[in-house]
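Biologist: Could you walk me through a helical model, one feature at a time? I'd like the general idea, then how to read the case at hand.

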Amino acid sequence: MTLQQFIILFGAFELLLSQLPDIHSLRWVNAICTASTVGFAGTTIGATVHDGYRIDRKEVSYSLQGNTATKIFRAFNALGTIAFSFGDAMLPEIQSTVREPVRKNMYKGVSAAYTIIVMSYWTLAFSGYWAFGSQVPPYILSSLTAPRWAIVMANVFAVIQIAGCFQIYCRPTFAHFEERVQAKNRSCRSCLWRLMYTSAYMAVITLVSAAMPFFGDFVSICGAVGFTPLDFVLPGLALLKTSKLPDNLGSQYAVKVLSAAVAVMFSIIGVLACIGAIRSITLDVRTYKFFHDM
C-alpha cells in the first residue's frame with residue numbers, strides 16, 4: 001500500500017466519524033484517543049530503549065548537523081512542534097468549563113492533560129534522542145528494527161490517536177457550517193447537509209495531505225499559528241482582563257508584568273516557529289514531488 005492509498009482510506013474513515021452530531025458525541029473517541037496516546041508512547045519508548053541498547057553507542061552522535069543558519073531554523077521549527085504537543089490539552093480544558101466549579105474542574109483537566117503530555121511525548125523525545133542521537137527521524141518508528149510486533153502495535157496506536165485528534169480539531173469548522181445552514185435538528189435534511197459539507201471538507205484535506213505529505217513541517221506550522229496563541233498567549237491576556245487580581249498593589253503589578261511577559265515571549269516564539277516551519281516546507285518542496293510516496 002502506498003502512502004497516498006493509506007491517506008485515502010484514512011480520509012474515508014474520518015468522513016465516517018464526521019457524521020457524529022457534535023463534539024459531545026466524541027467523548028468515547030476522546031477517551032480511546034487518550035489511551036492510545038499513552039499506549040503509543042509506552043510501546044515506542046520500550047522499543048526505542050531496546051534498540052538503543054542493541055546498537056553500537058560509539059556510533060551515536062549528539063552533535064547538530066548543518067551550518068549555523070540551519071541549526072537556528074531547525075530550532076525555530078522545533079518550537080512549533082513542541083507547541084503543537086500542548087494542543088491536546090485544549091479539549092479537557094474546554095470540557096471542564098461545562099460544570100461547576102469551573103476553576104477547580106479546569107485545573108484538574110489541564111493538570112491531567114499536561115501530565116500525560118510530559119509523560120508520553122516528552123519522555124519519548126528524550127528516549128529517542130538518547131537512542132539515535134541527532135539522526136533520529138521525525139517519525140521515530142521508521143528507525144526501529146525490533147521487536148516487530150511492538151512496532152506494529154505502536155503504529156496502530158498512532159493511527160487511533162491521530163483519528164481522534166483530527167475529529168477534535170475539525171469540529172469547530174463543522175459547527176460553523178451547521179450554523180450557516182441552520183442544521184440544528186436530527187432530520188433527514190440535516191444529515192444530508194452534514195454529509196455534503198463534511199464530504200467536501202474531507203475531500204480537500206485528503207487531497208492536500210496526499211499531495212504534500214510533509215507531516216512534521218505542517219505540525220510545526222499548526223503549532224506556531226494555532227496552538228501557541230491558544231495555549232500560551234491568550235491565557236495570559238485573559239488573566240489580565242477577567243481575573244480578580246490580588247489586593248496588594250505590589251502583587252497586582254507582579255501578576256500583570258508576568259502575564260504580559262508570558263504573552264509577549266510566546267508571541268515571539270510563535271513567529272520564530274512559523275518562520276522555521278515555512279523554511280522547512282520550502283526545502284521539502286524542492287526535494288519531493290507532489291504525491292510523493294514517502
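Modeller: Sure, and let's begin with what a helix is here: a DSSP run of H or I with at least four residues, numbered from the N terminus. Keep in mind that this is a predicted model. Take residues 112-132 as a trial: that span is 100% helix and 0% strand, with its end C-alpha atoms 30 Å apart.

Biologist: And where does UniProt place the feature "transmembrane region"?

Modeller: The UniProt entry, which is unreviewed, puts that feature at residues 112-132, 152-170, 191-212, 218-241 and 253-278. Residues 253-278 come out as 100% helix and 0% strand too, and the C-alpha atoms at the two ends of that span lie 38 Å apart.

Biologist: What about the "signal peptide" feature, which residues does UniProt give for that?

Modeller: Residues 1-18, again from an unreviewed entry. In the model this stretch is 83% helix and 0% strand, and 25 Å separates its end C-alpha atoms.

Biologist: Zooming out, how many helices and strands does the protein have?

Modeller: Nine helices and zero strands, so to speak an α-α-α-α-α-α-α-α-α string when you start at the N terminus. Of its 294 residues, 33% count as buried. For contacts with a separation of 6 or more, 82% come from residues 24 or more positions apart.

Biologist: Now to packing. How are two packed helices described?

Modeller: By two values: the angle between their axes and the distance between the axes. Try helix 1 (residues 3-17) against helix 6 (residues 148-181): the angle is about 55° and the axes are 11 Å apart. Helix 1 is therefore oblique to helix 6. The crossing of this pair is right-handed.

Biologist: Which residues make that contact?

Modeller: Helix 1 brings Phe-6, Phe-10, Phe-13, Glu-14 and Leu-17, while helix 6 brings Val-159, Ile-162, Ala-163, Phe-166, Gln-167 and Arg-171. Sorted by class, the contact of helix 1 with helix 6 holds eight nonpolar residues, one polar and two charged.

Biologist: How does helix 2 cross helix 6, left-handed or right-handed?

Modeller: Start with the two values again: the axes of helix 2 (residues 27-54) and helix 6 come within 8 Å and cross at roughly 145°. That crossing is left-handed. On the helix 2 side you have Val-29, Asn-30, Ile-32, Cys-33, Ser-36, Thr-37, Gly-39, Phe-40, Thr-43, Thr-44 and Ala-47. They meet Ala-150, Met-153, Ala-154, Phe-157, Ala-158, Ile-160, Gln-161, Gly-164, Cys-165 and Ile-168 of helix 6. The split is 13 nonpolar, eight polar and no charged residues.

Biologist: One more pair: at what angle do helix 3 and helix 9 cross?

Modeller: Roughly 115°, with the axes of helix 3 (residues 68-85) and helix 9 (residues 249-287) coming within 7 Å. Since angles of 65 to 115 degrees count as roughly perpendicular, helix 3 is roughly perpendicular to helix 9. The crossing of these two is left-handed. Thr-70, Phe-73, Phe-76, Asn-77, Leu-79 and Gly-80 of helix 3 touch a set in helix 9 that includes Ile-269, Leu-272, Ala-273 and Arg-279. By class, this contact of helix 3 with helix 9 counts eight nonpolar, five polar and one charged.

Biologist: Last topic, single residues. Why does Glu-178 count as buried?

Modeller: Buried means under 20% relative accessible area, and Glu-178 has 15% relative accessibility, so it counts as buried. Glu-178 sits in helix 6, with Trp-193 15 residues away in sequence and 8.1 Å away, C-alpha to C-alpha.

Biologist: And Ala-211, which residues does it touch?

Modeller: Leaving out residues up to four places away in sequence, Ala-211 touches Lys-289, Phe-290 and Phe-291. Ala-211 belongs to helix 7 (residues 188-211) and counts as buried because its relative accessibility is 10%. Ala-211 and Lys-289 lie 78 residues apart in sequence, yet their C-alpha atoms are 8.3 Å apart.

Biologist: How does Met-265 count?

Modeller: As partly exposed, because its relative accessibility is 44%. Met-265 is in helix 9, and its C-alpha is 9.3 Å from that of Phe-232, 33 residues away in sequence.

Definitions and conventions. Residues are numbered from 1 along each chain as its sequence is written. This is a predicted model: local features need pLDDT of at least 70, side-chain atom pairs count only at pLDDT 80 or more; totals for chains, interfaces and linings use all residues. Side-chain values use heavy atoms; hydrogens and water are left out. Axes are lines fitted to C-alpha atoms, for helices over the stretch in contact, and angles run from 0 to 180 degrees between N-to-C directions. Angles under 35 degrees count as roughly parallel, over 145 as roughly antiparallel, 65 to 115 as roughly perpendicular and the rest as oblique. A crossing is left-handed if the near helix is turned anticlockwise from the far one by less than a right angle, and right-handed if clockwise. Contact means heavy atoms within 4.5 Å. Ala, Val, Leu, Ile, Met, Phe, Trp, Tyr, Cys and Pro count as nonpolar, Asp, Glu, Lys and Arg as charged, and the others, Gly among them, as polar. UniProt positions are given in the numbering used here, feature names are shortened, and annotations may be inferred rather than shown by experiment. Buried means under 20% relative accessible area, exposed over 50%, partly exposed in between (1.4 Å probe, protein chains only).
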